[in-house]
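Reader: I am in my first year and still learning how to read a protein model. Could you take one part of this one and go through it slowly with me?

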Amino acid sequence: MVNEERRKFLGICLGGITASAAVVVGYPVYRYLAPLQKEHAAGKVVIPEQEVPAGGARFFEYAGSTAVLVRKQGGDLVALSAVCTHLGCIVQWEKEKQDFLCPCHAGRFSSEGVVISGPPPKPLAKLPFVVANGVITVG
Ligand code: FES
């Protein structure tokens with residue numbers, strides 16, 4: 001009788017430990033594999049215009065990835081995904097050359113995101129934006 005109760009108790013303990021281990025291991029795996037949550041995917045990013053000087057770039061997080069605003073020397077703004085279309089590295093803005101360099105395989109993109117040289121197969125993705133009252137809203 002005592003042995004049966006002990007077995008039952010140990011079974012409950014073992015079940016609890018197994019369930020806890022499944023949550024501890026399974027939750028991070030789920031979060032990694034689950035698609036982006038809607039509020040991140042549909043979110044807008046607001047950046048003051050003065051943070052993007054002429055000839056400069058401002059990187060930011062957008063929809064779970066890295067994006068960039070560029071103000072060309074002439075004053076025009078461009079919003080792009082900063083994810084290289086070759087293998088997904090984040091491009092860097094080269095102010096002296098006024099273009100983007102991908103550090104992984106030396107892919108080069110114009111300030112408009114057009115491929116200049118290297119292995120990238122497509123231009124950087126353009127992002128929609130509006131400018132109003134000194135604020136740039138991307139998304
Ligand atoms: S990942 Fe950018 S050039 Fe290869």
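What do β3 and β4 form, and how many residues lie between them?

Author: This is a predicted model, and the mean pLDDT of its protein chain is 85, with 76% of the residues reaching 70 or more. In the part you ask about, β3 and β4 form a hairpin, and five residues lie between them. Gly75 sits in that turn and has a positive phi of about 110°. The two strands, of which β3 covers residues 65–71, pair in the antiparallel sense over five bridges, and within this pairing Leu69 of β3 stands opposite Ala79 in β4. As a general matter, strands of a sheet pair through backbone hydrogen bonds, either parallel or antiparallel.

Now follow β4 itself, which covers residues 77–81. In a regular strand the side chains alternate between the two faces of the sheet. Along β4, Leu77, Ala79 and Ser81 point one way, while Val78 and Leu80 point the other way, and all of them are buried, where buried means under 20% relative accessible area. Because five of the five residues of β4 are buried, this strand is largely enclosed by the rest of the structure.

For another pairing to set beside the hairpin, look at strand β6 (residues 99–101) and strand β7 (residues 108–110), which pair in the antiparallel sense over three bridges, with Phe100 standing opposite Phe109 in β7. These two strands belong to an open sheet of four strands in the order β5-β6-β7-β8, with antiparallel pairing, whose edge strands, β5 (92–94) and β8 (115–117), each pair on one side only.

Notes:
Residues are numbered from 1 along each chain as its sequence is written. This is a predicted model: local features need pLDDT of at least 70, side-chain atom pairs count only at pLDDT 80 or more; totals for chains, interfaces and linings use all residues. Side-chain values use heavy atoms; hydrogens and water are left out. Two strands pair if DSSP finds at least two bridges between them. pLDDT is the predictor's confidence in each residue, from 0 to 100. Buried means under 20% relative accessible area, exposed over 50%, partly exposed in between (1.4 Å probe, protein chains only).
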